[in-house]
Amino acid sequence: MATSPKPVKKVPIHLQSAQNRVYIKNGEIVNHDKSFKADVYIEDGIIKFVGSAADITIPGGVRTIDAAGKLIIPGGIDPHTQLQSPARDAVSVADDFYNGTKAAVAGGTTMIIDCVLPNKHESMVEAYDEWRSKADPKACCDYALHLGITWWSKSVYEEIGICCKELGINSFKMFMANKGVYMLSDAELLDVFERIRGLNGVAMIHAENGDIIAKNTHRLLAEGISGPEGHELSRQEEVEAEAVHRACILAHQMKTPLYVTSLTSKSSAELVGRARRSGYCVFGETLASSLGRSMSSVRKPERIYYITSPPIRESAETPRQLMKSLAYDDLQVTGSDNRTFNKQQKDLGVGNFTKIPNGVNGAEDRMSLVWEKGVHQGLLDPCRFVAVTSTNAAKIFNIYPQKGRIAVGSDADIVIWNPQATRTISKESHHHACDFNIFEGMTVHGVPEYVLVRGRICAENGVVRVAEGFGRFIPMQVRPPFVYDIIEGKVQKTLEEPHEEIHNGNLAKKLAELDIQIPPHEPIMLAGNLPMPAEGSICSTPSVRGRVDGKRDMQESSFSISEELDRSGVRACIKVKNPPGGKSSGFW
């Protein structure tokens with residue numbers, strides 16, 4: 001006898017208030033690990049339902065958005081901004097917490113992490129209070145804070161503990177450059193790393209050799225080289241790479257997780273990748289400015305407006321090389337280091353490159369630039385795009401899955417992304433407070449059609465409606481599992497038969513082309529052998545630009561050495577003899 005189909009049990013939604021009720025239908029959800037068709041229901045700023053329309057009953061009076069043909073992605077997280085930060089000669093930064101977060105939201109970023117920079121001999125707690133007083137009344141989206149360690153003493157040692165235990169800070173930024181201002185010595189860095197490790201925090205580093213920069217600057221000015229070209233000449237790629245290498249070793253000696261900010265060169269990115277393959281717990285961040293521009297295309301009279309540190313590099317190949325590093329997982333995160341000045345302020349450095357205020361825009365254009373240079377050009381797939389613009393930052397700084405994921409219970413920081421739409425970047429239409437844009441005239445694919453910040457529609461088809469002070473401070477707790485599970489050896493998994501699992505047709509051929517040897521029991525993870533989930537596809541680097549559906553093409557698969565994907569997947573073991581970027585002996 002035939003049996004009747006089992007009726008589908010629908011999920012009733014009980015409305016608690018009339019605020020922030022949104023239903024998004026017919027879209028393709030893209031998380032960092034997979035994509036799948038599903039609808040999303042939001043109430044009071046929280047995702048309440050993710051699934052089929054057949055499984056939910058939606059009451060009347062709810063705002064419905066049809067996302068057919070669009071992607072539903074987690075809102076971007078910009079882990080590196082400097083809004084309202086101090087500058088020399090009392091020059092004010094153009095973007096404050098209102099304009100900066102408004103610009104971020106317009107581009108699809110729904111959370112920023114700004115950096116508190118105390119002056120030398122200033123209390124870290126007092127500087128934290130100052131930043132909160134600036135941000136709380138102005139921020140249009142949620143924000144968190146890193147804390148800069150700009151000097152070292154017993155009081156700083158004690159205040160780091162207060163920040164971790166009482167103030168919601170788990171990340172601390174040090175400088176190997178800015179001699180005489182923020183720069184710490186190697187001995188001080190070792191002490192700071194040790195203290196951070198003892199508190200289960202995350203160490204961050206701006207890696208440039210400050211002593212070399214000081215020497216070069218003095219020499220260049222003595223030789224009469226005073227224009228903006230002197231900036232990069234004083235801090236060439238090897239000056240950055242040397243400091244990256246040294247920082248990795250110092251942190252590794254203290255068993256401290258390290259996050260290297262603002263990587264702008266191929267050599268530095270390769271060093272981070274090699275350190276990771278050598279077992280170091282290190283993460284790398286590159287910037288929208290270095291992914292979107294090189295100085296080769298900038299006229300010399302205009303270069304003063306592009307000055308930032310580390311500098312945007314001269315080579316036209318650098319942006320693509322950095323994007324490949326994101327694809328290879330040598331780098332894991334993209335930020336903006338958004339610190340804007342008007343042309344008049346930048347012109348204060350005419351005739352002396354050391355007086356040019358350092359900083360450029362990027363918060364608004366970061367998401368579209370990564371899509372254009374990464375996904376549209378075939379170097380990233382949409383899942384990896386989500387990882388490097390949102391999820392990886394959320395995991396590293398311990399706010400996942402509250403942020404960085406489309407899932408029940410997560411904050412409704414959501415972007416409805418049109419991968420086919422284009423826009424042209426211009427100072428005439430951007431939302432920054434500065435009067436120029438370093439990406440002026442660039443046309444990019446990938447446009448946020450709707451941006452929801454905790455369920456509130458703040459951007460809709462190019463119209464931005466934000467509320468000053470709507471953003472909340474988000475505490476970041478110590479011991480991020482994504483970071484400390486690596487240090488404690490909890491994320492390495494091996495297969496009973498790694499050779500049988502990996503040697504399968506096209507993938508084995510691709511590994512052979514990369515000169516990758518596959519011995520048993522080497523703790524490096526391969527993302528290419530994860531099982532296919534029933535509800536969707538795990539994305540790899542696509543053969544069709546922007547593809548998010550369809551089955552996995554193993555010939556086009558890319559490998560990853562990070563814990564980027566969910567820990568539920570099976571991982572194989574590989575040994576990289578000649579990784580992308582060159583053969584390594586140790587990691588230098």
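Where is the place of Pro-310? Pro-310 sits in the loop between helix H9 (288-292) and helix H10 (318-328). Helices (H or I, at least four residues) and strands (E, at least two) are DSSP runs, numbered from the N terminus.

This is a predicted model: local features need pLDDT of at least 70, side-chain atom pairs count only at pLDDT 80 or more, and totals for chains, interfaces and linings use all residues. Residues are numbered from 1 along each chain as its sequence is written, and side-chain values use heavy atoms, with hydrogens and water left out.

**Confidence**

pLDDT is the predictor's confidence in each residue, from 0 to 100. The protein has a mean pLDDT of 85, and 80% of its residues reach 70 or more. Over residues 13-18 the pLDDT stays under 50. The model has 13 contacts (heavy atoms within 4.5 Å) for residues 13-18 beyond four places in sequence. Residues 493-588 also have pLDDT below 50. Beyond near neighbours in sequence, residues 493-588 have 210 contacts in the model. Where pLDDT is low, the predicted coordinates should not be read in detail.

**Strand S8 and Lys-173**

Buried means under 20% relative accessible area, exposed over 50%, and partly exposed in between (1.4 Å probe, protein chains only). Strand S8 covers residues 76-81. Because 6 of its 6 residues are buried, S8 is largely enclosed by the rest of the structure. S8 runs parallel to strand S9 (residues 109-116), and 4 bridges join them. Two strands pair if DSSP finds at least two bridges between them. Gly-76 stands opposite Thr-109 in S9.

Lys-173 is found in strand S11 (residues 171-175). An unreviewed UniProt entry places the feature "modified residue: N6-carboxylysine" at Lys-173. UniProt positions are given in the numbering used here, feature names are shortened, and annotations may be inferred rather than shown by experiment. Lys-173 is buried, with a relative accessible area of 3%. Leaving aside neighbours within four places in sequence, its contacts include Cys-115, Met-204, His-206 and Thr-261. His-80 is also among the contacts of Lys-173. The side chains of Lys-173 and His-80 make a polar contact (3.4 Å). A polar contact is a pair of N or O atoms within 3.5 Å; within protein, one must be able to donate a hydrogen and the other to accept it, and residues adjacent in sequence count only if both atoms are side-chain atoms.

**Helix H7**

Helix H7 (residues 237-253) has 17 residues. H7 reaches 25 Å from its first C-alpha to its last, close to the 24 Å expected at 1.5 Å a residue. The expected span is 1.5 Å times one less than the number of residues. Buried residues in H7 include Val-239, Val-244, Arg-246 and Leu-250. Their cover includes helix H4 (186-198), strand S12 (202-206) and helix H5 (210-222).

**Backbone details**

Most residues other than glycine have a negative phi, and most peptide bonds are trans. Three residues with positive phi are tabulated here.

| Residue | Phi | Place |
|---|---|---|
| His-121 | near 75° | loop between S9 and helix H2 (124-135) |
| Asn-200 | near 60° | loop between H4 and S12 |
| Lys-255 | about 55° | just after H7 |

His-121 is exposed, with a relative accessible area of 63%. Asn-200 counts as partly exposed at 25% relative accessibility.

The peptide bond from Ser-309 to Pro-310 is cis, with omega near -10°. The bond from Tyr-400 to Pro-401 is also cis, with omega near 5°. Pro-401 lies in the loop between helix H13 (382-396) and strand S16 (414-424).
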